[in-house]
Amino acid sequence: MVPAYPFRVKHFVPILVYQPRAFALRPVSDLFLPTVESCMSETTDITQVPTDTLAHQLVVSLEHADVVLEELAALARTGILTSAPTLPAEDKSVALGLGLIRLSYPSDRDRAAADLPDDVSGRNLNDVLTMVRTACSFRYRGWMPTIGKNRVMNGIGGEGGQVSGGGGQVSGGGGQVSGGGGQVSGGGGQVSGGGGGLPSPSDGPMWPRRAASGGHGVRIGVLDTPLVWNPQWGQNVQSLDPSYGDSEPYNSVNEPFSYDVGHANFVTSLVASQAPDANIGVLGTLHPGDASATAWDVACAMVSFLDRDVAILNLSLGCYTEDNQPPLLMQRAIQIMTPRLLVVAAAGNHRQPARPRPFWPAALDDVVAVGAYGPNYEPAPFTPKAPWVDITAPGVDIVSNYFDGLVTVESGKPELFTGYAMWQGTSFAAGLATGEIAARLPVNGDARVVRRTLLSTDYDGILIKGSRAA
């Protein structure tokens, strides 16, 4: 098991550059560089995405992939890499303009021969990134290609339901996050301290109350865990997963499921509650066992909504980065999407909301970042107070459609859910905000215009401008 806060110790990495007209490498300086960002940041360790895989992957702009591959081939000739990598067609995303390059290190063979576990520290990856960037800067007088890391992303699940005393471990707080762009999980991951807890069974009804109408003719996309939808909850929601319906229903299985299993149901029901006449499509990209996925998979899924003619995309997921800078994959996806649709993203559930770290992609420009408020419109204790938070919406003690079946919610103890659950978090505030925006959008209207006009002085809805609700 990965430790709760791994790879915090920084280390010295010699920077190497190419000598002119030669492939030999020479050290020119020692810099204090961090290891590859961990997936934990604000959370503890739950992940289905193998960290050792991410430590062997680079993301590169297709426009200059040949330059990067040439530099990597030179590193292979010097023995720094096992072999010269390639970029096959299946690892290219034309929509993103990015490619995924897979690396192999000599230390992989050494560790395998010694029957040692994979090295997930990312030191090799950091070294390779440093060498490629420095070599290109030296060769091309300061110019460097667009290159970065693949990450782990998590969904931002609940902080609600059950509270375990002052500062105990909180499940579902901010989801697991891999540094730098990290893993994004949809279900919520565990958060140490900060209050809150897991989803708890509820008899309903939904809260906030359902709207009578709204969202007619509006298409909404939701990127989350796979949908496990009960048709009795509404006919305006559909799964966009090709395999949806091919397997037996979850509730026909006797084994309990992770509490993340109902994350998409919970979020999507909140969207539909405020925009009951909208058409909502859910793409299950996050792993249903822990609501996590690589940033590459999430970014590719995000841009796929451009072909689905949606006006609004809900992202109740995100990640932190070790240097608090936006991850390349999230930046590129948002840059491509926002001229054509509105992206609404959860602002994250933070242990230090008064001094929060930026949460991506919510903290990017042109994204509607949603925090949460509770009773009396007071900011929820986990919602970030930051200038990049655009609006707040209800996010405490939310009741929504969840799941029918056994769910493991605390210490391995299964509980039976019969439809409803109570949960809290910015994931769910984002779902409500998405529905509210859609409800005020005219047919064939531009959701980006609604964003600019929604919070006028005569607005009387559930959204509050800014990160400080009270």
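**View 1. S239 and V282 face each other across two strands of a predicted model**. In this predicted model, residue S239 stands opposite V282, a residue of strand β14. The strands β12 and β14 (residues 279-284) run parallel and are joined by 3 bridges.

**View 2. Helix α6 lies against the sheet**. Helix α6, which spans residues 295-304, packs on the sheet and touches β11 (219-224), β14 and β16 (312-315), and its direction makes about 170 degrees with that of β11.

**View 3. Helix α8 touches five named strands, listed here**. Helix α8 (residues 426-439) also packs on the sheet, where it touches β11, β16, β18 (342-346), β19 (367-373) and β20 (391-394), while its direction makes about 155 degrees with that of β18.

**View 4. The open sheet and its edges**. The sheet consists of 8 strands with mixed pairing, and reading across it gives the order β12-β14-β11-β16-β18-β19-β20-β23. Because β12 (237-239) and β23 (464-465) each have a single partner strand, they stand at the edges, and one side of each is left without a neighbour in the sheet.

**View 5. Strand β19 is covered on both faces**. Of the 7 residues in β19, 7 are buried; V367, A369, G371 and Y373 lie on one side, whereas V368, V370 and A372 lie on the other.

**View 6. Strand β19 pairs with β18 and with β20**. Strands β18 and β19 run parallel and are joined by 4 bridges, with V367 in β19 as the bridge partner of V343. Strands β19 and β20 likewise run parallel with 4 bridges between them, and here the bridge partner of V370 is I391 in β20.

Notes. Residues are numbered from 1 along each chain as its sequence is written. This is a predicted model: local features need pLDDT of at least 70, side-chain atom pairs count only at pLDDT 80 or more; totals for chains, interfaces and linings use all residues. Side-chain values use heavy atoms; hydrogens and water are left out. Two strands pair if DSSP finds at least two bridges between them. Contact means heavy atoms within 4.5 Å. Axes are lines fitted to C-alpha atoms, for helices over the stretch in contact, and angles run from 0 to 180 degrees between N-to-C directions. Buried means under 20% relative accessible area, exposed over 50%, partly exposed in between (1.4 Å probe, protein chains only).
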